[in-house]
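Colleague: I'd like a close look at one part of this model, the sheet and whatever packs around it. Could you walk me through that?

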Amino acid sequence: MIPIRDTAPCNSTPYVTWGLMAICIFIFLVMQLIPYELSYKIIYLYGMVPNRYANPGWGLSNGMPFDGYLSFLTSLFLHGNWLHIIFNMWFMWIFADNVEDRMGRWRFIAFYLICGLLATMMQWYSAPTLQIPVVGASGAIAGVLAAYYFLYPYERVVVFFFPIVVHIPAVTFLGLWVIFQLYDITTSTYVEGVTSNSALWSHVGGFIAGAILHRFFLRKDEAI
């Protein structure tokens, strides 16, 4: 079920959305061009490795000194592979412009980063001894999806649902997205032998953060 576009009108140019996308894409392309050894080191230094904070001695012994939790922010701009960044940027392209339109540029960037930080904190809390880096804008984008869910519930999302294209309400599409995240969390937690490569708790944490916080970032003339 792949979203193609939405029908919500946007009354302003989403410069912040485009800028965030450009930063993520630029960093990803640079990471593809530099030597693997260097990109590997950058991912571990600037991706969020949970055990680095749960066990600072382990982090220091593995070349990851305590960084004041900087990686909770920098990890939002790193992506693991082509599919990862394509899906994240595609969701950003479809849904973020309308949220930025309702919040204004400065409020939107603050909202985006706060949702991302809270999402990363949720992921860390859920698996504090994980020794691999958590990267990606998914948590921040999940916050944007939550804002869209509440601000544009009855706008249509055009979805490619093999083999047809259908128009469904945003509240249905995004509701299904949340259900899929919860299903994946449940199966990877309780079903033996099932694992997930996605930072699922980050997705859920970002969505919860966006659902709670979005109304505080709306422009005064948009407040609900």
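Modeller: Two strands count as paired if DSSP finds at least two bridges between them. Keep in mind that this is a predicted model. With that in hand, start with strand 2, residues 156–161, which is joined to strand 3 by six bridges, the two running antiparallel. Within that pair, V159 sits opposite V166 of strand 3. Step back and you get an open sheet of three strands, ordered 1-2-3, with antiparallel pairing. Strand 1 (2–6) and strand 3 (164–169) are its edges, each pairing on one side only. On average, neighbouring strands in this sheet are turned by 30° against each other, ignoring direction.

Now for what packs on it. Helix 6, residues 82–103, lies across strand 1 and strand 2, and it runs at about 30° to strand 1.

Helix 6 and strand 2 also turn up together in the largest nonpolar core, each supplying at least two residues. That core has 43 residues, and F95, F108 and Y112 have the most contacts inside it. Other contributors of at least two residues include helix 1 (15–33), helix 7 (105–126) and helix 8 (138–151), along with helix 9 (170–190) and helix 10 (200–213). Take Y112 as an example: setting aside neighbours within four places in sequence, Y112 touches L20, M92, A137, A140, I141 and V144. There's also a second core, separate from that one, with five residues, among them M48, F72, V134 and A199.

Technical notes: Residues numbered from 1 in each chain as written. Predicted model: local features only at pLDDT ≥ 70, side-chain atom pairs only at ≥ 80, totals over all residues. Heavy atoms only, no water. Helix = DSSP H or I, 4+ residues; strand = E, 2+ residues; numbered from the N terminus. Axes fitted to C-alpha atoms, helices over the stretch in contact; angles between N-to-C directions. Contact = heavy atoms within 4.5 Å. Core = buried A, V, L, I, M, F, W, Y, C linked by side-chain atoms within 4.5 Å. Buried < 20%, exposed > 50% of the residue type's maximum accessible area, 1.4 Å probe, protein only.
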